[in-house]
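Colleague: Could you take me through one part of this model up close, the aromatic contacts, and then place it in the wider chain?

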Amino acid sequence: MFLPQSQAAFRTLRKATPRVRLFFINKNAYSTQVEYKPIRSVLVANRGEIAIRVFRACTELGIKSVAVYSEQDKMHMHRQKADESYMVGKGLPPVEAYLNIPEIIRVCKENDIDAVHPGYGFLSERSDFAQAVIDAGLRFIGPSPKVVQNMGDKVAARIAAIEAGVPIVPGTDGPVTTKEEALAFCQKHGLPVIFKAAYGGGGRGMRVVRKMEEVEESFQRASSEAKAAFGNGAMFIEKFIERPRHIEVQLLGDKAGNVVHLYERDCSVQRRHQKVVEIAPAPRLPIEIRDKMTEAAVRLARHVGYENAGTVEFLCDESGNFYFIEVNARLQVEHTVTEEITGIDLVQSQIRIAEGMTLNELGLTQEKILPRGYAIQCRVTTEDPANDFQPNTGRLEVFRSGEGMGIRLDSASTYAGAIISPYYDSLLVKVISHASDLQSSASKMNRALREFRIRGVKTNIPFLLNVLENQKFLHGVLDTYFIDEHPQLFKFSTTQNRAQKLLNYLGEVLVNGPQTPLATSLKPAEVTPHVPTVPLDLSPEALEREKSGEAKVTAPPQGLRDIIVQQGPEAFAKEVRSRKNLMLMDTTFRDAHQSLLATRVRTHDLLKISPYVAHKFNNLYSLENWGGATFDVALRFLHECPWERLEEMRKRIPNIPFQMLLRGANAVGYTSYPDNVVYKFCELAVQTGMDIFRVFDSLNYLPNLIIGMEAAGKAGGVVEAAISYTGDVSDPKRTKYDLKYYTNLADELVKAGTHVLCIKDMAGLLKPESARLLITAIRDKHPDLPIHVHTHDTSGAGVASMLACAQAGADVVDVAVDSMSGMTSQPSMGAVVASLQGTPLDTQLSLNDVSEYSAYWEQTRTLYGPFECTTTMRSGNADVYLNEIPGGQYTNLQFQAFSLGLGDFFEDVKKAYREANFLLGDIIKVTPSSKVVGDLAQFMVQNHLTSEQVLERAEELSFPKSVLEYLQGYIGIPYGGFPEPLRSRVLKDMPRIEGRPGAKMEPLDFDKLKAELKESHSNITDRDVVSAALYPQVTNEYLHYREQYGPVDKLDTRIFLSGPKVGEEFEVTLERGKTLSMKALAMAADLKANGNREVFFELNGQLRSVHIPDKEAMKEIRVHPKANKTLKSEVGAPMPGDVIDIRVNVGDKVEKGHPLVVLSAMKMEMVVQSPISGVVKKLEITKGMKLEGDDLIMVIE
């Protein structure tokens, strides 16, 4: 060993003297006449992390480092890490640039290079390259050309192994170049066999074949991969040994013929013959087998005259027999683990040996080389393990590595903004851990990998973590079947990547505008609503109760829900009826904002005020907060999960019963469903936190109502059957819906088992006198039945009507907090509370609490300016008694009229609504029947039709779909039957449904639906399945949106709707204790060639940027279309790559799984299969075309 002073002296000699012949005499008096020539500069004929690895060794030795790079790699990190760098292969394909021997030699000669290091891959095992380097008067840092040739030739290597007495596996005598030769060998020797590239390694061009019919196809694919990777498609075939361990021995040899081993590595954790995780030394390998194996490796190396670094690979079976596979006459990817356990720098050793130093002079005698502890290497690649390890390319939006004691990283281009190209290997970074034992080393590796944050491309880190936590791995029980026999390794917890997804959403809003349609030109207010504080009882008594396991000091007081949970629906109904005061249901959380703000209020704002409501309004009858239109709108426009809304509200309001709107057999949809869908929906709703089901039918059709009641009751919910009110029971001229009609219907619902009876006055038609008559009549017949009245305040008489209901015997009436009341919403909570103070019906609510509650919503309402009903509706209107438009529909109808260009004709629409109602038979009007009337009314106004003209021309007009389906019977049968002759004239010979629509529908197969959803989406839950059963397309689009943009429901409302201002700082709380700090910095003015615009943000103080397609600008440039992920008919590229084969033509019939196209990327070929059966309608690709991920390949009908 040299002293530090000697090393410094030799660095000086290298710089001063080109060639010096020196003789070395060490303390053991060993001498040699090997010529020593110091190396002053090294060119690395490679790229990526191995190039950087060699550069670092050069720098430590005082040697100049030189890089070469392809045209595609001009921004790559390896060229920046070198002292000098030169482009090679300009105009050539990416891989060929690094295979261009003449140009690499030219760079060496023109720039006074002393030596060339080949790295691994590319030219590292090409003997002609080694010879060209030497012929040019340069030094090749590796074995001699002859050894490279013989060891790279599988046949010559086998012969050498036999001569050296090393056991071998039966195989072909020479390279095989045709599928016929391959088939003949297999037929002669039997299966299984393995195809291996004759002129390269690394798992490229390797296939195991176990079926004779797969021989030809596997040979062609393997040969094609080998040719792409190594320039020669010749294959070597040998018998495949089952259940082997793949163990390799690291060697170093010098020019004097000395050879040592640096112990072994276990490379058994492989996939597709590609090493994934390597361990040194091999765990659980008996010492006697290790000794035999290392001795055989050294013997073979000496036999062939091996010098420099190399590896001898073996297969070791369960009995301890081992067989020679091949020699890798180069440095290997996994050399790092050997360096860690031996403390020997293999790259520096390579360079010193190339200079002429002997192993003895380097202090590398066998007895001095000892393993210490265990090292593990994990290859982090840009491959998607959830998608069959398809290569993933793109831009690294985020890169944060795991580091710390015992962790080493070897990487290149691992920084935010780096581009991962499809042209080269998918290796991103090698992570190496070292500790005293295997379990400790695995623990360090696990921790380091969990610290990584890589965004923009998929990586195999989730898979690596599963490997590291596998008990067999941790105990070193390994063979090459390890991955294949552990399918649980492929069960991943999907990384949420929430922050980056939110940045993509914000970028999308900034570049392309709001992602939910805005109904008016009003902007969301720049206000942060004040949330009133929640009382906290810190008295000694309260703290003692918490300590003993009772209610926490933060828990709200008890409410009526405790009775539902503890005693059931019947006890709840009895308690409600027993109370003498008037009880209130608050609709602020649902119907109020449906009526005033187009149902657009988001979970984000509902949750903020929820704790206050729980503490201050615990004696409410219920909160109406779910169901009806909120379900559809949450998914379709707010991009949030309605189930999560219910669940999160329940966490914050555990004491007040929740009430939802259930459309009978229509659940929360707009059509009929199989009965089991309604039952499943109710079951899941109760499990998620729902208590009371207000069950109604849009036509008061009893069969539909009863299905909903039975479903809600079976799920354990409180059944509140609702009678939808229309007409006027105080007007003797309105005879269709008279008092008797309603009392008879009430009798039927009581007989069906309702716990509570609701009068659902959805248009606000219940005048005070009508209310007195109706409630009195029902109370007289059913004295023990709780009665609940729901209304809208469209006329302005809502408070008076509700007070009349209370005085007539109603137990519960609906109100909305003051700032969300009036007009088409419910009557004012404050007005009803104040009106009854000091009376026997006193609501027992505090007007001060109502005022604070109202103040929050007054501010919050301004955030929803784009949906504000007052932009088109200035006040209530008593003409509702004429047109009978439901409150929830009134504002929506007004917005629709404006969007259809009928804004100036809204009065005509209201008059037409009345006419349409009578045309259809004077029907009950509530979703979905109200939509039928509304659609017909707008149809009449658009086409300037009177009711007489509609009836006369019914046979020739093209009616809205909703009108046709109503007349066919899809939503039930109206009281008094369908209108004739209109129905017959409109339908002509169209089919009609008799009876309840859902009665004849086949039960939905939930398992099948779940399996279908899982084909397109990850993390599918039962909630998603039920949502898809109700709204198939809307749910599919929502799931795609969630996967692309993450938890957008966590954004503040103004930011969600219109995006942040440039320079604005804001916070996003993802969950308790996890808050992101964000700032919008800038949006690039220039457009990229692919139509993307870069948007810059600051996230938690770090610069981030996202690339967003500018949809408007892209209309002007040609960009390859992307496949629509929501359409199975559109086949997209599963990975970026080149189209090397197209196996179908337009018009061809294909079955599901039929091969369509062969793509090649990162030296891997992939066959794209048809996702469905059908006919190829359109091809969007040509052979040789370069594709990006998700580019449209073809359309199949």
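Modeller: Sure, let's start with F617, which counts as buried because its relative accessibility is 0% (buried means under 20% relative accessible area, exposed over 50%, partly exposed in between, with a 1.4 Å probe and protein chains only). Bear in mind that this is a predicted model, where local features need pLDDT of at least 70, side-chain atom pairs count only at pLDDT 80 or more, and totals for chains, interfaces and linings use all residues. Residues are numbered from 1 along each chain as its sequence is written, and side-chain values use heavy atoms, with hydrogens and water left out.

Now the pairs. The structure holds 37 aromatic pairs, where rings of Phe, Tyr and Trp (its six-membered ring) pair if their centres lie within 6.5 Å, and planes under 30 degrees apart count as stacked, over 60 as edge-to-face and the rest as tilted. F617 and Y853 make a tilted one, with 5.0 Å centre to centre and 45 degrees between the planes. This pair links distant parts of the chain, 236 residues apart: F617 sits in the loop between α22 (603–616) and β26 (622–627), and Y853 in helix α31 (residues 847–861). Helices (H or I, at least four residues) and strands (E, at least two) are DSSP runs, numbered from the N terminus. Y853 is buried too, its relative accessible area being 0%. Elsewhere, W626, F631, W643, Y670, F681 and Y1031 come together as one aromatic cluster.

As for the wider chain, you've got 42 helices and 44 strands, and the C-alpha trace spans about 125 × 75 × 60 Å along its principal axes. Of the 1197 residues, 59% are buried. Among contacts with a separation of 6 or more, 70% come from residues 24 or more positions apart, a contact being heavy atoms within 4.5 Å.

On confidence, the chain averages a pLDDT of 90, and 96% of the residues score at least 70; pLDDT is the predictor's confidence in each residue, from 0 to 100. Over residues 1–10 the pLDDT is below 50, and it stays under 50 over residues 12–32 as well.

A few backbone spots for your notes: the peptide bond from L191 to P192 is cis, with omega near 0 degrees, and P192 lies in the loop between α9 (179–189) and β8 (193–197). N497 isn't a glycine, yet its phi is positive, near 50 degrees; N497 is buried, at 18% relative accessible area.
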